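Work through the exercises below with the sequence and the model in view. Each task is followed by a solution in steps.

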Amino acid sequence: MRALALAALLAAAPAAAQTVPVRTGEHPGHGRIVFDWPSAPPYRVEQEGERVRLRFPPGAEIALPRRLPRNMQAIRRDGEVVEVTIAPGARIRHFRSGAKVALDVLDAAPAAPAPRAPVVARRSEPREAPPPTPSQPAAPAAQPQPAERAAPSPSPAAAPSPEGAAAPPRLSAAPAVPLPAPAPVVLPAAPPPAVAIAPPPAADGLRVLPGPAAGPPGLRLLRAGAAGIALFPRGDRMVLALETEQPFDLSRLSGHPHWPVAEARRLAGGAALIVPLPPGLAPAVLRQGGDLLVEFRPAAGTPPAELTFAEGRAQIAAAAPGSVLVLNDPLTELPLLVGTHRDGGQRQPLARSWPEFEVLPSFAGAVLLARSDRLTLRPGPGRFVAALEGGALAAGGAAPERLVAGAAMTRFLDLPAQPVPALLERLRADQAAVAQTPPLSRAPARLQAAQGFLALGLPQEAAAQLRLAAAETPEAAQAPRHRALAGIAALLLGEGGQGLEAPLPESDELSFWRGLRAARAGDPRAAAPALASTLPLLLSYPEGLRRRLLAPVAEALAEGGDPAGARRLAEAAGEEVPMHMALALAEEAEGNADRALEALEAAANGRDRRTRARALRRAAELRLATGRLDPAGAARALDAALFAWRGDEEELALRRRIAQLRQEGGDARGAIAMLREAEAAFPESAAALRPGIQSAFLQALGNEPPMQAVALHDAHPELVPADAAGEAALAALAERLVALDLPERGGALLRRAMDRMPPGEARAALGLRLATLRLGERDAAGALEALAASGAPAISAPLLRERAVLAARAEARRGNRAVAAEALAALGPAGDEALAEILTEGRDFAAAAAALGRHLAALAPPQGPLPEPVQRVALRQAALLALAGDERGVGTLRAAYAARFPAGALAHGFEALTADPVRGLADLPRMARELNLFRGLGQWREPLRTAALPTG
């Protein structure tokens, strides 16, 4: 009864609000609270001291847990806000895993030793690093920092390095040598841990307004004044560092499509904002009144800010330098020294690395990644100065010219031109970030690691990272940047590279990779312009990737009609990569066959197997084109190179080329054997190989002796194509057998071939050939049977007429002339010639002459000399008129065609048949000439045979 009452109450109650379960857990080093939403919600995290607020969409019922982890003291809910009170000194990190939102509270780290001086922290002897604590590279967090610069507080332990061996260096802000103005920046003893949260809205907060959702991305910072600003990318995010004492107010960014995630960090003397970086776009800073406007535009190449070394210091040019801010790197957790600009800022597109620090790319400002705890950065007149306390920086110099030129090109990848050790260190940090990130949130970290592998020239490892990212987060595989990276990795592995069709903003880098894809697809002429225009970009790539790309790009330029560009690239490469193949192609394009063959021989003697195989094939083709080899010799040369490279489309193409050359050299059987081997090795290409096999088979039927050709046909009858070419080849073979006085073998061959073919045009044509052969052997019944057996419901009109004419002739041969005449009369002009022959056999010369006259009128051209076939028809017409005694008809025929006969035997015969009769002594000379003409009757009497059968 109680259950029924409860069910009734639930049925009568209004629909309850959406309930969100909340789970908690204890883990080594941190406690976790998970909000299990049914679908991924927008949310925002704010921290004020020990209170952490999570703001969720309104309208949901959040079921708070009864038990909290050890480092969470209390939890309460106020509408859509859940407030968690954490233990003193604890830090937070938050992330999304599918539809779940998780908040981790990291245990408080042991307190660091107090600084020795109240203003400047220096270190005179080594000291142990505090124990490492877990960290979250994607969104590190810590307690807010004090606003005063001169009294830094003790710093918590820094995040572990990728090796987990030592803590990151701590910085000293004391200037090595004082500058006149402005005053040096005093930095804390350790970089303050950043807070990866948005502060709560405040009346004095620095409000951040987004641009229209339907328009391009943009941000407006209200009342920022003339504060110095720095903008720089870190992975797929952008960091905006601002010289301000006010926290960022991000309440207007909540739920905005361009900024689904936004993080704010409080810094000593400033604030940092971390937002997603729109792919292919670069931010530009504009100052409007008291506001700062950040617009995102297609990346444009501008000269980099000058970086020079002098007296053990590095100087970075800056038109209006501001102050220096310190924050933890979002990717590596190492300290960043950020010099802000108080104007639009100079761009620093190059990443350069030294033992003590690394200059990071930036859109505005000078950004240094510190590897030494004695590194300082301070502003000076028209520059920022980086120095080491108590020492000098390692000697440096200007960036190489190829890097400066490449820096001016627009990009969409993060591939810094750093030495291999620096790239390996960066890759270790990326892999550590992957390991520290929850599995369902690793896609951005894996994307960054994939770019690191590409920079080192390791596409297999990059492709593996991208596959793992797609497996862990399937929606990540549909992101344009992910698809483009997958396409690049596939392209370097010799595959298609279809992912480069992803909808990315146009850039020089995208043009380069699409051009390389076109070259790999066999269209180097379409690829050459894009590759030639982006050569500085290629030369600025990291060493590992550059070494993989130099040779294929140079070869594409040479094949695409730009041999000069290929030579320039080979000169720029120097001894870095062997370029024999590219130089050979350039020499061949310029017509220097001997030099090209020398270069191809050098390439064939190299260590790269693919290059060796290509060089052997190219040399054989060049010798064939220059006449040094005939097709048979070229086929033998390519056959020797067949096993240099196996197992892909290149081998298949080579086998088809060898078969083609064997056919041209007259070895049709060898071509069939090669193509049958290819069919067995590449069964997926059997349909594409079948036309070549059939073509070689038909050639063999025509070239082999008749009896061997018959044996070949009987061994492989399935290779005869069911089309006009197959029908013609079999008919020709049958005629060769008849010529050898083997009509029965020819007829049997045609009958077997006809029976194997499906009903259709080819079968009907073979039936006609067989019927003609049997009628020539006076087997009228056999001819009619062959026509009946090869009939088809739908065949072409000309073939249908030929079959009807032959059937009428067969009926006439059987004695059914009336039936035959009736059938031919029904055909109209197409049956007139055959009708004339049948009427002539019945000695009805007048009717035969009338039928042949209609045929002659339709056949003869309106004017000019008569072709030889028409002359023969006219001779037969004259004979029929003479036999019918139609002198008037003979005269009319003579008047119409005598003058149009060219001189020759046929003209003399027509004159004799159509001349006037002998009437007196004056006609005796003409009669003598006619007698002499009829003595040679055997030369031209064959056209007058009225019972002759057609041969085809």
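**Exercise 1. A sheet and its edges**

Determine how strands E12 and E19 pair, and place them in their sheet.

Solution. The model is predicted. Begin with the pair itself: E12 covers residues 218-221 and E19 covers residues 291-298, and the two run antiparallel, joined over 4 bridges. One position to check is leucine 221, which stands opposite leucine 292 in E19. Next, widen the view to the open sheet of 5 strands, whose order is E15-E11-E12-E19-E18. The pairing in this sheet is mixed. Finally, look at the edges, where E15 (248-249) and E18 (281-288) stand. Each has a single partner strand, so one side of each lacks a neighbour in the sheet.

**Exercise 2. A hairpin**

Describe the pairing of strands E16 and E17, and find the residue with a positive phi in their hairpin.

Solution. E17 spans residues 270-276 and pairs with E16 in the antiparallel sense over 5 bridges. Within this pairing, alanine 264 has leucine 273 of E17 as its bridge partner. The hairpin has 2 residues between the strands, and glycine 269 takes a positive phi near 85°. As for burial, E16 (residues 263-267) is mostly covered, with 4 of its 5 residues buried.

**Exercise 3. One alanine**

Is alanine 851 buried or exposed, and which residues does it contact beyond its sequence neighbours?

Solution. First locate alanine 851: its place is in helix H27, residues 845-859. Its relative accessible area is 1%; the cut-off for buried is under 20%, so alanine 851 is buried. Setting aside neighbours within four places in sequence, the contacts of alanine 851 are Asp832, Leu835 and Ala836. For alanine 836, the C-alpha separation from alanine 851 is 5.4 Å, although the two are 15 residues apart along the chain.

**Exercise 4. The second largest pocket**

What is the volume of the second largest pocket, and which element gives the largest share of its lining?

Solution. The volume of the second largest pocket is about 1900 Å³. Its lining has 46 residues, with Arg520, Glu555, Arg610, Arg614 and Glu650 nearest the centre. Elements that contribute two or more residues to this lining are helices H6 (480-492), H7 (508-520), H10 (543-559), H12 (580-589), H14 (609-625) and H16 (649-664). The largest share, 8 residues, comes from H14. Sorted by class, the lining of this pocket consists of 19 nonpolar, 7 polar and 20 charged residues.

Note on methods:
Residues numbered from 1 in each chain as written. Predicted model: local features only at pLDDT ≥ 70, side-chain atom pairs only at ≥ 80, totals over all residues. Heavy atoms only, no water. 1 Å grid on protein atoms, 1.4 Å probe; cavity = no way out; pocket = protein on both sides within 12 Å on 5 of 7 lines; lining within 4 Å. Points joined across faces, edges and corners; volume = space filled by probe spheres on them. Nonpolar A, V, L, I, M, F, W, Y, C, P; charged D, E, K, R; others polar. Buried < 20%, exposed > 50% of the residue type's maximum accessible area, 1.4 Å probe, protein only. Contact = heavy atoms within 4.5 Å. Pairing = 2+ DSSP bridges.
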